[in-house]
Amino acid sequence: MFDPSGRRVLVLGDVMLDRFVYGAAQRLSPEAPVPVVRLSERRAMAGGAGNVARNIQALGGEVLLLAAIGADAAGEELAALLGPAAKLLRVPGRMTPVKLRVIAGRQQVVRVDEEEAAPLADTAPLLEALPAALDGAQAVVLSDYAKGTLPPAVIAAAIAGARARGIPVLADPKGRDFARYAGVDVLTPNAGELAEAAGLPVGTDAECEEAARHLLTRIEARAILATRSEKGMMLVPRDAPATLIPAMAREVFDVSGAGDTVIATLALGVASGLSLEAAMRAANAAAGVVVGKLGTATCSLAELEAALREGDGTLLTWPEAARQVRAWQAQGLRVGFANGCFDLLHAGHVGLLHAARGHCDRLVVALNDDASVARLKGPSRPINTLQDRATVIGALAAVDAVVGFAEDTPLEAILTLRPDVLFKGQDYRIEEVVGAPEIASWGGRTVLLELLPGRSTTAIVERMRS
């Protein structure tokens with residue numbers, strides 16, 4: 001993991017206003033075969049380069065956003081959303097791009113774009129502001145959405161100014177001609193953009209690498225990082241073997257802005273001194289977080305830390321676990337809590353945790369540490385250490401986070417995390433469950449789950465001994 005605090009990234013590119021209309025669709029319109037969405041909520045947020053800036057801030061980095069917008073109401077709304085971290089040059093007669101998305105449940109129904117993608121007629125104000133914006137930056141992001149803010153002259157000036165200062169440049173490119181990004185350190189096209197620019201297929205791993213290397217023979221760049229949706233990412237350096245990593249998303253609800261998250265995380269990683277491969281792995285994990293959210297989303301540092309640990313059985317510290325639970329709850333997700341020794345994992349454990357995950361959106365499992373297992377089960381236990389047990393439990397698809405606790409009961413853990421749902425087996429009554437009154441006091445609930453008969457670690461141990 002890296003520490004992004006104090007790392008400053010300059011983001012230069014196309015900003016837009018993303019509007020979201022949320023509601024429920026329960027019938028089709030009698031006027032046309034389209035769903036009728038009953039409005040329940042409206043949201044607005046910065047998109048494009050603005051979303052890159054938001055992701056950098058969410059991860060704890062510092063950002064300066066430099067962009068041109070229209071002198072219109074949408075531009076004023078964008079300025080208010082972005083605040084002092086953005087230097088927005090208002091251009092009379094220019095339209096600020098607006099994208100309206102209608103969401104029914106968790107499904108995007110339609111998108112409506114208002115824009116005029118004309119090249120910036122007068123680049124002088126942007127070029128004049130560029131040198132001061134570059135000073136103090138540890139990385140530069142060119143966020144090109146082909147809306148006209150980044151004509152070749154502005155791209156060339158930004159790359160030249162950054163290289164003169166020894167600052168790495170990363171570009172999210174658009175169009176067929178990537179030659180205008182000559183001199184960048186990393187290009188981050190998606191698979192479709194890579195295929196269009198190279199004029200080659202990218203369906204297989206070999207084809208993707210061949211297309212990237214073909215572009216590297218024509219463009220001065222250090223590397224190409226191709227984002228490939230469910231196929232993950234491929235990093236193709238100019239003078240080194242390619243690296244391919246799988247996608248990390250468990251659930252995909254909305255891919256809006258995922259590319260912004262990738263380049264924001266990649267830039268912060270590079271600015272923090274990570275290798276390109278390590279920064280790519282962080283970016284891949286962050287992308288897996290945001291596609292599990294609705295809207296133009298961001299990834300927090302706590303979410304990134306948890307995603308990087310996911311599946312490796314790494315125990316969260318209590319501050320990390322508390323931050324993660326709060327982040328999930330802030331997204332409107334129900335957090336469940338289960339606890340136990342889980343010394344020898346068996347079918348009963350797996351069934352219980354799978355059933356628990358069906359009652360919540362995220363599941364935290366708290367494991368008794370080795371000393372408390374010995375107090376509860378006897379001096380010959382545990383058979384497996386806390387770290388080994390965490391590795392096994394953390395590898396289960398039903399489990400989203402693992403923590404350890406030293407007390408004989410999980411009450412302190414429950415009070416620290418304040419989950420929404422507490423799980424226990426049906427061999428307990430509600431009044432016997434530690435933490436049930438506390439859970440109820442903040443509006444949560446306790447769920448007793450059916451147990452698979454005849455399965456227990458103690459019985460397995462006794463059979464082994466006999």
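Strand 8 (residues 139-143) is a good place to start. Ala-139, Val-141 and Ser-143 point one way from this strand, Val-140 and Leu-142 point the other way, and all are buried; buried here means under 20% relative accessible area, with exposed over 50% and partly exposed in between, using a 1.4 Å probe and protein chains only. In a regular strand the side chains alternate between the two faces of the sheet. With five of its five residues buried, strand 8 is largely enclosed by the rest of the structure.

A word on the source: this is a predicted model, where local features need pLDDT of at least 70, side-chain atom pairs count only at pLDDT 80 or more, and totals for chains, interfaces and linings use all residues. Residues are numbered from 1 along each chain as its sequence is written, and side-chain values use heavy atoms, leaving out hydrogens and water. Helices (H or I, at least four residues) and strands (E, at least two) are DSSP runs, numbered from the N terminus.

**The nine-strand sheet**

Strand 8 belongs to an open sheet of nine strands in the order 5-4-1-8-9-10-11-12-13, with mixed pairing; two strands pair if DSSP finds at least two bridges between them. At the edges are strand 5 (86-91) and strand 13 (243-245), each pairing on one side only. Direction ignored, neighbouring strands are turned by 15° against each other on average, with axes fitted to C-alpha atoms (for helices over the stretch in contact) and angles running from 0 to 180 degrees between N-to-C directions.

On one side, strand 8 pairs with strand 1 (residues 8-13) in the parallel sense over five bridges. Val-9 stands opposite Ala-139, and Leu-10 has Val-140 as its bridge partner. Strand 9 (residues 169-172) also runs parallel to strand 8, joined by four bridges, and there Val-141 stands opposite Leu-170. Strand 8, helix 4 (residues 152-164) and strand 9 make a right-handed β-α-β unit: with the strands pointing away from the viewer, the path from the first strand over the helix to the second runs clockwise.

**The four-strand sheet**

There is also an open sheet of four strands, ordered 3-2-6-7 with mixed pairing. Strand 3 (35-48) and strand 7 (107-114) each have a single partner strand, so one side of each is left without a neighbour in the sheet. Neighbouring strands here are turned by 20° on average, direction ignored. Strand 6 (residues 98-104) pairs with strand 7 in the antiparallel sense over seven bridges, and Val-98 has Glu-114 as its bridge partner.

Helix 1 (residues 49-58) lies across strand 2 (15-28) and strand 3, at about 75° to strand 3; contact means heavy atoms within 4.5 Å. Helix 2 (residues 73-82) lies across strands 2, 3 and 6, at about 100° to strand 2.

**Rings and charges**

The whole structure has two aromatic pairs. Rings of Phe, Tyr and Trp (its six-membered ring) pair if their centres lie within 6.5 Å, and planes under 30 degrees apart count as stacked, over 60 as edge-to-face and the rest as tilted.

| Pair | Centre to centre | Between planes | Kind |
|---|---|---|---|
| Phe-20 and Tyr-22 | 6.1 Å | 15° | stacked |
| Phe-178 and Tyr-181 | 6.0 Å | 75° | edge-to-face |

Phe-20 is buried at 1% relative accessible area, Tyr-22 at 7%, and both Phe-178 and Tyr-181 are buried too.
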